[in-house]
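Please open the model in your viewer and keep the selection tool at hand. The stops below take you from one place to the next, saying each time what to select and what you will find there.

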Amino acid sequence: MIKNLSIDQPLRWLGGFIILASLIFACISLYFFITNQRWNTELQRSIEIEALRGTIIHLDEVLTMSARLAAATGDLSWEKRYREHEPKLDQAIKALQKIAPEIYSREEAKKTDVANMKLVEMENSSFEFTRQGFLKKAQGILFSQEYEDQKKIYAEGMLYFSNPYHSEVSFEQLRGKVIHYDEVLSMTAKMAAVSGDFTLEKRYKEYALKLKGVLNDLFKVAQDEYIRQIITQIQMVSTRLISTGEMTFTLIHSNQQDQANQNLSSREYGQDKDQFKQLADNLFQHVHQASQKILIGNTRRISVHIII
């Protein structure tokens with residue numbers, strides 16, 4: 001009887017220890033699973049915020065340059081382009097407000113909203129003058145110091161939504177810059193061609209260097225061979241587009257404004273622009289898919305650890 005008790009007691013201690021260790025292991029595994037899920041959710045949210053931020057910056061440039069080209073040329077087809085993109089910008093802003101309400105509650109975000117409303121008000125006033133044929137007045141609004149000040153406030157406000165702590169978010173930020181810089185280059189060249197203002201060449205060269213730099217940065221951080229191939233193709237097309245823009249300024253310097261406009265209206269230039277957009281879209285889709293695989297992979301690894 002005494003012998004049986006002496007044997008049972010260690011067994012009970014061992015059983016209790018096993019149960020306790022199992023509970024501790026289960027708690028630790030559950031903690032890591034929840035932490036991983038939160039990390040994945042935050043990563044996905046950060047990627048979406050960065051994508052929306054890039055879209056807003058891009059669309060803001062589209063609206064600005066469309067209004068300015070309308071004022072410079074009197075061509076109301078630029079207002080049509082403005083109106084087509086205006087609701088897209090509103091949708092992107094609302095989506096960003098929904099996904100990041102805590103950022104939008106800050107004072108800086110409120111200043112950005114005010115700046116946006118003032119920009120829209122000035123752009124609508126410029127279109128009114130353009131429709132009446134008062135191009136100088138329209139240009140006076142869009143090239144005023146007040147307009148530039150509001151643009152600066154708006155651009156600074158967008159920085160508060162940037163969170164490039166994850167490599168995937170940093171990559172999305174770089175991709176957004178590629179789209180933005182390409183738009184700036186295209187519209188700057190067109191503005192120079194229709195207005196004959198060769199002083200815009202400085203801005204063109206500045207953004208050409210920025211685009212080349214960000215494409216190089218994208219290639220360095222790309223971890224997928226297919227993504228690197230897409231970036232290489234974008235670099236090749238971008239080189240041709242920049243070369244066409246540089247030729248445009250050469251023609252403007254030579255007082256060949258009509259030829260400068262024809263240069264940007266050529267079939268080859270249009271094809272390069274279409275190819276650039278297609279490659280940029282492919283890059284976004286592939287990066288998005290790669291990010292989703294990372295999120296799923298992280299979840300599966302944690303799940304396997306819990307099962308084990």
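Begin by selecting Arg68 and Phe143: the charged end of Arg68 sits over the ring of Phe143, at 4.6 Å from the ring's centre. Keep in mind, here and at every later stop, that this is a predicted model. A second place of this kind can be found by selecting Lys137 together with Phe134, where Lys137 lies over the face of the ring, 5.1 Å from its centre.

Now step back and show the whole chain as a cartoon. The protein has 11 helices and zero strands, and of its 308 residues 40% are buried. If you turn on the surface, the area on display is about 17,500 Å², of which carbon and sulfur atoms supply 58%. Among contacts in the protein with a separation of 6 or more, 79% are between residues 24 or more positions apart.

Next, select helix α5, which covers residues 135-142, and colour its buried residues, Ala138, Ile141 and Leu142. These three lie on the same side of α5, because they cover an arc of only 90 degrees around the axis.

From there, move to the aromatic rings, of which the structure holds three pairs. Select Tyr181 and Tyr207 to see an edge-to-face pair, with 5.6 Å from centre to centre and 65 degrees between the planes. This pair links distant parts of the chain, since Tyr181 belongs to helix α7 and Tyr207 to helix α8 (residues 201-221), 26 residues apart. Tyr181 is buried, with a relative accessible area of 12%, and Tyr207 also counts as buried, at 14% relative accessibility.

Add Tyr204 and Phe249 to the selection; their ring centres are 5.3 Å apart and their planes stand at 55 degrees, so this pair is tilted. Here too distant parts of the chain are linked, with Tyr204 in helix α8 and Phe249 in helix α9, 45 residues apart. Both Tyr204 and Phe249 are buried.

The last part of the tour follows the charged side chains. Side chains of opposite charge can pair when their charged atoms come close, and a search of the whole structure finds 15 salt bridges. Which parts of the protein does the pair Asp182 and Lys273 tie together? Select the two residues, whose side chains meet in a salt bridge at 2.8 Å from N to O. Asp182 lies in helix α7 (residues 167-195) and Lys273 in helix α11 (residues 267-307), so the bridge ties together parts that are 91 residues apart in sequence. Asp182 counts as buried, at 10% relative accessibility.

For a contrast in setting, select Arg228 and Glu225, a salt bridge whose closest N and O atoms are 3.1 Å apart. Both residues lie in helix α9 (residues 225-253), three residues apart, or about one turn of the helix. Arg228 is partly exposed at 22% relative accessibility, and Glu225 is partly exposed at 46%.

Then go to Lys277 and Asp281, whose side chains meet in a salt bridge of 3.1 Å, N to O. They are four residues apart in helix α11, about one turn of the helix. Lys277 is exposed, with a relative accessible area of 52%, whereas Asp281 is partly exposed, at 32%.

Finish by selecting Glu79, Arg83, Glu86, Glu128 and Arg131 together, which are joined into one network by salt bridges that share partners.

Definitions and conventions: Residues are numbered from 1 along each chain as its sequence is written. This is a predicted model: local features need pLDDT of at least 70, side-chain atom pairs count only at pLDDT 80 or more; totals for chains, interfaces and linings use all residues. Side-chain values use heavy atoms; hydrogens and water are left out. A salt bridge is a side-chain nitrogen of Lys or Arg within 4 Å of a carboxyl oxygen of Asp or Glu. Helices (H or I, at least four residues) and strands (E, at least two) are DSSP runs, numbered from the N terminus. Buried means under 20% relative accessible area, exposed over 50%, partly exposed in between (1.4 Å probe, protein chains only). The arc is that of the directions from the helix axis to the C-beta atoms. Contact means heavy atoms within 4.5 Å. Accessible areas come from the Shrake-Rupley method with a 1.4 Å probe; for residues, only the protein chains shown count as cover. Rings of Phe, Tyr and Trp (its six-membered ring) pair if their centres lie within 6.5 Å; planes under 30 degrees apart count as stacked, over 60 as edge-to-face and the rest as tilted. A charge sits over a ring if NZ of Lys or CZ of Arg is within 6 Å of the ring centre and within 35 degrees of the ring normal.
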